[in-house]
Amino acid sequence: MAVPMSAPIFAGSRVQARQMAENLPLDLSEVFVAMDCQGLEVSTPSFMDELIKVVLVERGARGLLLENARDRTRVIAQRCAQNRGVEDRLQVLSLGVQARSWRQRFNPLVWR
């Protein structure tokens, strides 16, 4: 199962990340979450760390895909995921690079 979400224009706080996650199921163990970052202009390390913590650590999503991410967002997300030991469940696609289909997006082999 896949759950899409859109990033805000300004992603600046842990509280904001938690508020975004309120709409997600509490148990994400069978779910891949995809966030479109195309409209995201600014993201802070605290926002990204909290998003990764809530989605991948606390709720146990099978994976988190950040699409259309700017370089700074990619670097922050990868660092946060590595610090939390969940880098194997994070995939970041750069701005303008999209997976060809939902099937490809959530193919477990793509996560490596």
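**Group meeting: a walk through the predicted model**

Hi everyone, let me start at a glycine: just after helix H2, Gly-60 takes a positive phi of about 65°. Helices here are DSSP runs of H or I with at least four residues, strands are runs of E with at least two, and both are numbered from the N terminus. What we have is a predicted model, where local features need pLDDT of at least 70, side-chain atom pairs count only at pLDDT 80 or more, and totals for chains, interfaces and linings use all residues. Residues are numbered from 1 along each chain as its sequence is written, and side-chain values use heavy atoms, with hydrogens and water left out.

Now the overall layout. The protein has four helices and six strands, and along the sequence they follow the pattern β-β-α-β-β-α-β-α-β-α. Of the 112 residues, 46% are buried, where buried means under 20% relative accessible area, exposed means over 50%, and partly exposed lies in between, using a 1.4 Å probe and protein chains only. As for contacts, meaning heavy atoms within 4.5 Å, take those between residues at least 6 apart in sequence: 80% of them join residues at least 24 apart.

On to the sheet. In what order do the four strands of the open sheet come? The order is S1-S3-S5-S6, and the pairing is parallel. Two strands pair if DSSP finds at least two bridges between them. Strand S1 (2-6) and strand S6 (90-94) stand at the edges with a single partner strand each, so one side of each has no neighbour in the sheet. On average, neighbouring strands are turned by 15° against each other, direction ignored. Axes are lines fitted to C-alpha atoms, for helices over the stretch in contact, and angles run from 0 to 180 degrees between N-to-C directions.

Let me stay with S6. Although S6 is at an edge, four of its five residues are buried, so S6 is largely enclosed by the rest of the structure. Strand S5 (residues 63-69) runs parallel to S6, and four bridges join the two. If you want to follow the register, Leu-65 stands opposite Gln-91, and Leu-66 stands opposite Val-92. Helix H3 (residues 71-84) lies across S5 and S6, running at about 170° to S6.

S5 also holds a residue I'd like you to look at, Asn-68. Its phi is near 55°, a positive value in a residue other than glycine. Is Asn-68 buried or exposed? Asn-68 counts as buried, at 3% relative accessibility.

Next, the helix pair. Helix H1 (residues 14-21) and helix H2 (residues 45-58) pack at about 35°, with axes 7 Å apart. H1 passes H2 in a right-handed crossing; that word applies if the near helix is turned clockwise from the far one by less than a right angle, and left-handed if anticlockwise. From H1, the contact uses Arg-14, Gln-16, Ala-17, Arg-18, Met-20 and Ala-21. From H2, the residues include Phe-47, Glu-50, Leu-51 and Val-54. By class, the contact has six nonpolar, two polar and six charged residues. Here Ala, Val, Leu, Ile, Met, Phe, Trp, Tyr, Cys and Pro count as nonpolar, Asp, Glu, Lys and Arg as charged, and the others, Gly among them, as polar.

Which residue of H2 touches Arg-14, Ala-17 and Arg-18? Leaving aside neighbours within four places in sequence, that is Glu-50, which is buried at 5% relative accessibility. Other buried residues of H2 include Met-48, Asp-49, Ile-52, Val-55 and Leu-56.

Ser-43 is my next stop, in strand S4 (residues 42-43). Ser-43 counts as buried at 4% relative accessibility. Its C-alpha atom is separated by 4.6 Å from that of Ala-11, and the two residues are 32 apart along the chain. Not counting residues up to four places away in sequence, Ser-43 touches Ala-11, Met-48, Arg-72, Thr-73 and Ile-76.

Last, the cysteines. A disulfide is a covalent bond between the sulfur atoms of two cysteines. How many disulfides does the structure hold? Zero, taking a disulfide as a pair of cysteine sulfur atoms within 2.5 Å. Cys-37 is buried at 1% relative accessibility, and Cys-80 is buried with a relative accessible area of 5%.

That's my tour, thanks for listening!
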